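Q: Could you take me on a close look at one part of this protein, the open sheet, and then show how its surroundings fit in? I would enjoy one connected account.

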Amino acid sequence: FNTMTASWGHLGVIWNMPIAIGYIRPQRHTYGFANENDYYTLCFFEEKYRKALQFCGSKSGRDYDKAKETGLTPLVTENGNIYFEEARLVLECEKIYQDDLKKENFLKPEVAEKNYAKGDFHRFYMGRIVSVLSR
């Protein structure tokens with residue numbers, strides 16, 4: 001498993017299901033895990049974990065054991081997916097749709113130019129929320 005810090009996402013309802021959407025750039029180590037697995041978890045933390053989250057957002061799981069480096073404690077859901085004991089809220093999601101953002105679909109080209117100068121458009125994953133864990 002790997003963890004990353006994300007600041008983009010959506011929650012809502014589509015196809016009569018509760019959905020969480022996450023975005024990952026192709027160069028992120030987590031990208032491979034997201035493509036290979038049928039589930040993902042989204043963990044939300046209190047402010048006191050900001051330093052750990054900054055580490056997870058700035059270092060690659062290719063180079064570091066992020067759980068060891070940050071002191072976060074990985075646990076396993078009943079469905080076999082990883083989450084962190086320290087999280088105040090966990091959404092466990094089953095992937096139901098994925099696609100890549102595409103330059104030609106931007107109605108405002110300046111948004112793509114500003115955010116994707118390297119052409120590394122995010123892939124988004126829509127997941128049906130199958131369980132919620134909270135403190």
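A: Happy to: what follows starts at the sheet and then moves out to the residues around it. Please keep in mind that this is a predicted model.

Let us begin with the strands themselves. Five of them, in the order S1-S2-S7-S6-S3, make up an open sheet with antiparallel pairing. Strand S1 (9-14) and strand S3 (39-44) sit at the edges, each pairing on one side only. On average, neighbouring strands of this sheet are turned by 40 degrees against each other, direction ignored. Helix H1 (residues 29-36) packs on the sheet, where it touches S2, strand S6 (89-100) and strand S7 (123-134). The direction of H1 makes about 75 degrees with that of S7.

Now zoom in on the S1 end of the sheet. S1 pairs with strand S2 (residues 17-24) in the antiparallel sense, over 6 bridges. Two of the facing positions are easy to find: Leu11 stands opposite Ala20 in S2, and Gly12 has Ile19 in S2 as its bridge partner. As a general point, strands of a sheet pair through backbone hydrogen bonds, either parallel or antiparallel. S1 and S2 form a hairpin with 2 residues between them. In that turn, Trp15 has a positive phi of about 55 degrees.

Trp15 also leads us to the aromatic residues. Together with Trp8, Tyr23, Tyr97 and Phe124, Trp15 forms one aromatic cluster. Several of these names belong to strands you have just met: Tyr23 falls within S2 (residues 17-24), while Tyr97 lies in S6 (89-100) and Phe124 in S7 (123-134).

Over the protein, the count comes to 11 aromatic pairs. One of them joins Phe1 and Phe84 edge-to-face, at 6.4 Å centre to centre and with 65 degrees between the planes. This pair links distant parts of the chain, as Phe1 is in the segment before S1 and Phe84 is in strand S5, 83 residues apart. The two partners differ in their cover: Phe1 counts as exposed at 52% relative accessibility, whereas Phe84 is buried with a relative accessible area of 5%. Another pair, Phe106 and Tyr116, is tilted, with 6.1 Å centre to centre and 55 degrees between the planes. Here Phe106 is in the loop between S6 and helix H4 (109-115), and Tyr116 is in the loop between H4 and S7, 10 residues apart. Tyr116 is buried, because its relative accessible area is 6% and buried means under 20%.

Next, go back to the segment before S1, where Thr3 is found. Thr3 is buried, with a relative accessible area of 16%. Leaving out residues up to four places away in sequence, Thr3 touches Thr30, Cys56, Lys66 and Phe84. Phe84 is thus a name shared with the aromatic pair described above, where its partner is Phe1. The C-alpha atoms of Thr3 and His29 are separated by 8.8 Å, although these residues are 26 apart along the chain. His29 and Thr30 both belong to H1 (residues 29-36), the helix that packs on the sheet.

A second threonine is worth a stop. Thr77 has its place in the loop between strand S4 (74-76) and strand S5 (82-84). Thr77 is buried too, with a relative accessible area of 9%. Not counting residues up to four places away in sequence, Thr77 touches Tyr83 and Glu92. Of these, Tyr83 falls within S5 (82-84), and Glu92 lies in S6 (89-100), one of the strands that H1 touches.

Finally, let us step back to the protein as a whole. There are 4 helices and 7 strands, and along the sequence they follow the pattern β-β-α-β-α-α-β-β-β-α-β. The radius of gyration is 15 Å, close to the 14 Å that the globule rule gives for 135 residues, so the protein is as compact as a globular protein of that length. Taken along the principal axes, the C-alpha atoms fill a box of roughly 40 × 35 × 30 Å. Buried residues make up 31% of the 135 residues. Among contacts with a separation of 6 or more, 69% come from residues 24 or more positions apart. The protein exposes about 8800 Å², and carbon and sulfur atoms supply 49% of that area.

Definitions and conventions
Residues are numbered from 1 along each chain as its sequence is written. This is a predicted model: local features need pLDDT of at least 70, side-chain atom pairs count only at pLDDT 80 or more; totals for chains, interfaces and linings use all residues. Side-chain values use heavy atoms; hydrogens and water are left out. Two strands pair if DSSP finds at least two bridges between them. Axes are lines fitted to C-alpha atoms, for helices over the stretch in contact, and angles run from 0 to 180 degrees between N-to-C directions. Contact means heavy atoms within 4.5 Å. Buried means under 20% relative accessible area, exposed over 50%, partly exposed in between (1.4 Å probe, protein chains only). The radius of gyration is taken over C-alpha atoms; the globule rule is 2.2 Å times the number of residues to the power 0.38. Accessible areas come from the Shrake-Rupley method with a 1.4 Å probe; for residues, only the protein chains shown count as cover. Rings of Phe, Tyr and Trp (its six-membered ring) pair if their centres lie within 6.5 Å; planes under 30 degrees apart count as stacked, over 60 as edge-to-face and the rest as tilted.
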